Amino acid sequence: MDQARGLHVQLLTETSVNYGIGEYAVRKNNAANGTLYAAVVEAAFLIWLEKNSDIVEMVCYAPLFLNINDKTWTPDAIVFDSYQLYGTPSYWVQKFFIESSGALFLPTTLKTNSPDSLIASAISKGYLLTHNNQKEVGLWLSYHVKVPSQNQLTMRGIAQQVVNFGIYHENLHISINGLKSNVKHFGSKKIVLTSVDSMDENSFSKPMKVVPQQVSLENASKDMNVVLPPYSVTSFDLII
């Protein structure tokens, strides 16, 4: 988390340069062969990059593949042998950010009593922009978000990524102000990547031990309470 904050400060002071971040991954003791712990840290790192997406143009996790019979580097995203494979928790974090990539980044501020444990971002999903007028729209997790005026904007949804790097459950209240339409129950969902132990890994014998779990978001609304498990990455996809 501290390394991510350090990169955030560096990027803010060098705004005249565009970046491509090549080959990142959490390694060594806490990463082992690909742990949940490593994946959660990487998700926090990706959120910091997302917050600087105006100057960070690309990023690449590496290495991608590991032949289990030729271990030269660990961890990797996908492990295989001659007839089977599985994705590490780091692989599933990549899926989070690919499938929740949005049309417009929504700048956010997170108000919490656990600043060293939580990090969050929000993006719009699917929009048509015809004008540069802007309007304040509040999204508190606590979030504060500025998006183009909805008179000129058609949004299909808001995707929120939240990382809990702490050892305790976190109760959060999400409040969205300024939207003209309501958040729809049907289609809104929550996807969580977590496990019993932060050092849990996937393997050939248990390839689905640490994978995202999707559930419907029955309490989806402009005002809702959510719970974040310890050592978790959670995506709230809200349909509006």
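What share of the contacts in the chain with a separation of 6 or more comes from residues 24 or more positions apart? The figure is 71%. Keep that in mind as you move through this predicted model.

**The whole chain**

Start with everything in cartoon view. The secondary structure comes to 3 helices and 15 strands. Of the 240 residues in the chain, 49% are buried. Switch on a surface, and you are looking at about 12200 Å² of exposed area, with carbon and sulfur atoms supplying 52% of it.

**The largest nonpolar core**

Next, select V93, F97, V163, L193 and V233. These residues have the most contacts inside the largest nonpolar core, which has 36 residues. Now colour the elements that give two or more residues to this core: β1 (19-24), α2 (36-51), β2 (56-61), α3 (89-99) and β12 (184-193). Which of them gives the most? Helix α2 does, with 13 residues.

Stay here and centre on V233. Setting aside neighbours within four places in sequence, V233 is in contact with V40, A43, F96, V162, V163, I191, V192 and L193. Showing those side chains together gives you a good view of the surroundings of V233.

**A second core**

Apart from the largest core lies another one, of 20 residues; A122, L217, F236 and L238 are among them. Pick A122, which you will find in strand β7 (residues 118-125). Is A122 buried or exposed? With a relative accessible area of 0%, A122 falls under the 20% limit and is therefore buried. For a distance to check in your viewer, take the C-alpha atoms of A122 and Q161: they are separated by 6.4 Å, although the two residues are 39 residues apart along the chain.

**Helix α3 and S90**

Go now to helix α3 and select S90, which has its place there. S90 is also buried, at a relative accessible area of 0%. Beyond its neighbours within four places in sequence, S90 is in contact with A39, E42 and Y61.

**Aromatic rings**

Show every Phe, Tyr and Trp side chain for the next stop. A search of the whole structure finds 8 aromatic pairs. One of them joins Y91 and W92, with 5.0 Å from centre to centre and 75° between the planes, an edge-to-face arrangement. The two partners fall into separate burial classes: Y91 has a relative accessible area of 25% and is partly exposed, while W92, at 18%, counts as buried. The reason is the cut-off, because buried means under 20%.

Then select F165 and Y231. Their ring centres are 5.6 Å apart and their planes are at 80°, so this pair is edge-to-face too. Where do the two residues sit in the chain? F165 is in the loop between β10 (157-164) and β11 (170-177), and Y231 is in the loop between β14 (223-228) and β15 (232-239). The pair links distant parts of the chain, 66 residues apart. Both F165 and Y231 are buried.

Add Y24, F45 and Y61 to the selection, which form one aromatic cluster. You have met Y61 already, as a contact of S90.

**A charge over a ring**

Finish with R27 and W73. The charged end of R27 sits over the ring of W73, at 3.8 Å from the ring centre.

Definitions and conventions. Residues numbered from 1 in each chain as written. Predicted model: local features only at pLDDT ≥ 70, side-chain atom pairs only at ≥ 80, totals over all residues. Heavy atoms only, no water. Phe/Tyr/Trp six-rings, centres within 6.5 Å; stacked < 30°, edge-to-face > 60°. Buried < 20%, exposed > 50% of the residue type's maximum accessible area, 1.4 Å probe, protein only. Helix = DSSP H or I, 4+ residues; strand = E, 2+ residues; numbered from the N terminus. Lys NZ or Arg CZ within 6 Å of the ring centre and 35° of its normal. Core = buried A, V, L, I, M, F, W, Y, C linked by side-chain atoms within 4.5 Å. Contact = heavy atoms within 4.5 Å. Areas by Shrake-Rupley, 256 points an atom, 1.4 Å probe, with all protein chains shown as cover.
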